[in-house]
Amino acid sequence: MPELPDKKAAFIDWYLAVVDAANLTDKRYGVKGANVWTPYGFLARRHLDEVMIREIEATGSSPVEFPALIPENEFAKEKEHIKGFDAQVYWVTKGGLSDLDMPLVLRPTSETAMYPIFALWVRSHRDLPLNVYQIVNTFRYETKTTRPFLRVREIHFFEEHTCQVDEAAADRRVRSNLDAFGRMAHAFALPYVAIRRPEWDKFPGAAYSIAFDIPVGAGRTLQIGSVHHYRENFSAPYGIRYEDVDGAQRLVHQTTFGLSERLIGAIVAVHGDAKGIAFPTAIAPYEVVVVPIPSAESGPGPETVAREIAERLVAHGRRAHLDSGDERPGAKYYRWELQGVPLRLEVGRREAAGRTATAVDRLGRKQTVALDTLERDIDRVLDEFDHALREKALAAYRDEFQIVTSLEELKGYAHVAIVAWCGSEECGHAIETAIDGGLLGTPETELPLSLEPPTACVVCRSSSGIRWAIAGRPL
Ligand SMILES: [Zn+2]
């Protein structure tokens, strides 16, 4: 196994090498941007989905599944939306040997699949709110270089779509989504900032968009999810209206919430190091691996105790894996560290005799656990690991942001920049040109720096409408 490239000096090379080496995905499939989920990667994805499902259902959302094929006439109904997606869609124009009467779009996102049906489902104020989500594959013809999890053409996509009685109720749904994402990010141990996108960078068809971004070093950022308020922009063309208590017909206000497999890429990018990836417990395919260390004089002791540990942990509801293969223990340690397992339990002759195990977490912290108190100890050790992983990520996250007071400083800037901005599009674009990246927008959650109120726009020096904004170079 060759050494990994240096994460700091050559981030993308490191990322591609570590995803490959950890066997999360196989990118040798014959369609660019469409990757194969390996058994190990699939388990990580399933656990990611479980966190998303748990948190969104806790806010009163129900699962649905809509078809992947969308007729052209439905797809074309909202003009901003189609303008935004036109260059990215795959078309199905034939059925067998015949041309289809109506060409079909392979869903790039599901507004245009769902909303004609929402118009049938929503009749009265009693049908609202309608909060539904699905986790499906979507398809976008990406023209930029594809990268596993970060930029793909076949996307593992979580999308919530809701209909609300009015604008204020939809605003509250947006807030509820932001809170739900906060709980998901806690499970993923990912520090992030929620940022209201500028007008020119919102989702096609949205009234406003709030995205979640994380810094990934050297001033680069990664968008890991987004929430959108559509007002009546879709309900008008799709005719989604309801009879209010006063008998009047009103259009619903809509919201959406989108996440994807990019979260796995983010987990790799944030927690990975020179040894490989590091999974938070919630996502890890295996939370614990148990490695017996047999020796000539120890007899079957270590193997028996290791098996007992693995069985007890599985019965306790933990994802534990017994690695009793014939590789050397050192080679096993190396591989499980590379694959990001949170906790390794080593059982040698000394441990077997004393009915203990040596616990080494993915951050390299070592302690002895006793079989007498195994289940309780492992719960505690994994909690401590998640906490330490979160603290480590948070410390790195804090170091990535800096306040910038002139455009000159932005050139080749190696941090995520916090700038004072007057809100004008012209000044926004000047900031984007200077940093050779994007003005991500204005923060909706607290930044990791203590900030005085801003005084003058970094471009025009005006103080009217002044706010703090964030600029970076999106990956
Ligand atoms: Zn300005």
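In the predicted model, the contact between helix H1 and helix H8 is formed by Phe-11, Trp-14, Tyr-15, Val-18 and Val-19 of H1, which meet Gly-265, Val-268 and Ala-269 of H8. Sorted by class, the contact of H1 with H8 comprises 7 nonpolar residues and 1 polar residue, with no charged residues. Helix H1 covers residues 11–21 and helix H8 residues 262–271, and the two pack at an angle of about 115° with their axes 11 Å apart. Because angles of 65 to 115 degrees count as roughly perpendicular, H1 and H8 are assigned to that class. The crossing in which H1 passes H8 is right-handed.

Helix H8 also packs with helix H2 (residues 39–57), the axes of the two coming within 10 Å and crossing at roughly 110°. H2 and H8 are therefore roughly perpendicular to each other as well. On the H2 side the contact is made by Ala-44, Arg-45, Leu-48 and Met-52, and on the H8 side by Leu-263, Ile-264 and Ile-267. The class composition of the contact of H2 with H8 is 6 nonpolar, no polar and 1 charged residues.

Another helix pair consists of H9 (residues 301–315) and H12, which pack at an angle of about 70° with their axes 10 Å apart. H9 and H12 are therefore likewise described as roughly perpendicular. Ile-309, Arg-312 and Leu-313 of H9 make this contact with Leu-374, Glu-375 and Ile-378 of H12. The residues of the contact of H9 with H12 divide into 4 nonpolar and 2 charged, with no polar residues.

Helix H12 is also associated with a sheet. This open sheet is formed by 5 strands in the order E16-E15-E17-E18-E19, with mixed pairing. Strand E16 (320–322) and strand E19 (366–370) occupy the edges, each having a single partner strand, so that one side of each is left without a neighbour in the sheet. Neighbouring strands of this sheet are turned by 25° against each other on average, direction ignored. Helix H12 (residues 374–400) packs on the sheet and touches E15, strand E17 (343–347), strand E18 (356–361) and E19, while the direction of H12 makes about 155° with that of E19.

Within this sheet, both senses of pairing can be followed at the level of individual residues. Strand E15 (residues 288–292) pairs with E16 in the parallel sense over 3 bridges, and the bridge partner of Val-289 in E16 is His-321. E18 and E19, by contrast, pair in the antiparallel sense over 5 bridges, and Val-360 has Lys-366 as its bridge partner in E19. The strands E18 and E19 form a hairpin with 4 residues between them, and Gly-364 in the turn has a positive phi of about 85°.

A further open sheet is built from 3 strands in the order E4-E6-E5, with antiparallel pairing. Strand E4 (69–71) and strand E5 (90–95) stand at its edges, each with a single partner strand, so one side of each has no neighbour in the sheet. On average, neighbouring strands of this sheet are turned by 45° against each other, direction ignored. E5 is joined by 5 bridges to strand E6 (residues 98–106), the two running antiparallel, and Trp-91 stands opposite Val-105 in E6.

The backbone geometry shows several local features. Most residues other than glycine have a negative phi, and most peptide bonds are trans. In this model, the peptide bond from Leu-128 to Pro-129 is cis, with omega near -5°, and Pro-129 lies in the loop between helix H5 (111–121) and strand E7 (130–139). Phe-149, a residue other than glycine, has a positive phi near 70°, and is located in the loop between E7 and strand E8 (154–164).

A positive phi of about 55° is also taken by Ala-189, just after helix H6. For the 22 residues of helix H6 (residues 167–188), a rise of 1.5 Å a residue gives an expected span of 32 Å, and the end C-alpha atoms are 31 Å apart, which agrees with that expectation.

Methods:
Residues numbered from 1 in each chain as written. Predicted model: local features only at pLDDT ≥ 70, side-chain atom pairs only at ≥ 80, totals over all residues. Heavy atoms only, no water. Pairing = 2+ DSSP bridges. Axes fitted to C-alpha atoms, helices over the stretch in contact; angles between N-to-C directions. Contact = heavy atoms within 4.5 Å. Parallel < 35°, antiparallel > 145°, perpendicular 65-115°, else oblique. Left-handed = near helix turned anticlockwise from the far one by under 90°. Nonpolar A, V, L, I, M, F, W, Y, C, P; charged D, E, K, R; others polar. Expected span 1.5 Å × (residues − 1).
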